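Got your viewer open? Set it so that you can pick residues by number and show their side chains, and we'll walk through a few stops together.

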Amino acid sequence: PIPLSKRSIAHLKHDEISYQPYGRSIISSLFPTLAYQDKLRQAQWIVAERHILPIKVVKVGNDQRPAGPGDIADVQSQLAMTANDPNLTLVTHHAFDFQWVGASGKVLQLTKEWELIDKNIIQGLGVNEALLSGSGPSYSQAAIGIEATIRRLNIVRNLMANWIEEKIYKEEARM
């Protein structure tokens, strides 16, 4: 531990609790929403990868002509050759089926979820949506929200001004 002078260091607390050394984070209430947003982003990433890299599904044989290990090995080697040489012709029997399975037609429609997440984040941060987007039901409701935001910002500004005056200016004047 390195001892620091009380005059040289300070930290600001949000939602201060007197018996705790630190305050609460502004975004701590948003962690579930942010985790949900991250999961949706991961799901979209996986769907996007399936569009780019679909899975090859090859079926060899049927009920009347079941495929043996030799048939499967032969098809694998022929498919490997055609992957390296696209001009090569693949010749096989009639009980052969080749498909690409991707995410075509299986895209997640997440528009409503993204809107809900955006609203939750805006509300969690205490920001007026009308201030950010200019949208809202009416001018009077937007004006009331903006006035509330201005009052909150004035409270924080006054706290910061008092802190700077007490901790910086007065300390400098004493020195």
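Start by selecting Asp38 and Arg41: their side chains meet in a salt bridge, 3.9 Å from N to O. The term salt bridge means a side-chain nitrogen of Lys or Arg within 4 Å of a carboxyl oxygen of Asp or Glu. Before you zoom in further, a word on what you're looking at: this is a predicted model, where local features need pLDDT of at least 70, side-chain atom pairs count only at pLDDT 80 or more, and totals for chains, interfaces and linings use all residues. Residues are numbered from 1 along each chain as its sequence is written, and side-chain values use heavy atoms, with hydrogens and water left out.

Now show the backbone around that pair. Asp38 and Arg41 are 3 residues apart in helix H1, so about one helical turn separates them. (Helices are DSSP runs of H or I with at least four residues, strands are runs of E with at least two, and both are numbered from the N terminus.) Asp38 is partly exposed, because its relative accessibility is 35%, and Arg41 is partly exposed too, at 44%. Here, buried means under 20% relative accessible area, exposed means over 50%, and partly exposed is in between, using a 1.4 Å probe and protein chains only.

How many salt bridges does the structure hold? There are 4, and two of the others make a good next stop.

Jump to helix H5, residues 139–174. Select Glu166 and Lys170, whose side chains meet in a salt bridge at 2.9 Å, N to O. They sit 4 residues apart in helix H5, so they too are about one helical turn from each other. Glu166 is partly exposed at 39%, and Lys170 is partly exposed at 33%.

Next, pick Arg174 and Glu171, another salt bridge at 2.9 Å, N to O. Is each partner buried or exposed? Arg174 counts as exposed, because its relative accessibility is 60%, whereas Glu171 counts as buried, at 18%.

Stay with helix H5 and turn to the largest pocket, which holds about 620 Å³ of space. Of its 19 lining residues, select the ones closest to its centre: Lys13, His14, Ile26, Val156 and Leu159. Helix H5 gives the most to this lining, with 8 residues. Colour the lining by type and you'll get 10 nonpolar, 5 polar and 4 charged residues.

For a second hollow, select Ala10, His11, Tyr22 and Lys167, which line the second largest pocket. Its volume is about 170 Å³.

Last stop: the surface. Select Ile26, Ile27, Phe31, Leu34, Leu125, Val127, Leu131 and Leu132, and you have a nonpolar patch with about 670 Å² of accessible area together. Helix H1 (31–52) and helix H4 (129–133) are the elements that give two or more residues to this patch. Patches take residues with over 30% relative accessible area and no salt bridge, joining like charges within 9 Å and nonpolar side chains (Val, Leu, Ile, Met, Phe, Trp, Tyr) within 5 Å.

Finish on Ile26, which you met at the largest pocket and again in the nonpolar patch. Ile26 lies in the segment before H1, and Ile26 counts as partly exposed because its relative accessibility is 45%.

Definitions and conventions
1 Å grid on protein atoms, 1.4 Å probe; cavity = no way out; pocket = protein on both sides within 12 Å on 5 of 7 lines; lining within 4 Å. Points joined across faces, edges and corners; volume = space filled by probe spheres on them. Nonpolar A, V, L, I, M, F, W, Y, C, P; charged D, E, K, R; others polar. Areas by Shrake-Rupley, 256 points an atom, 1.4 Å probe, with all protein chains shown as cover.
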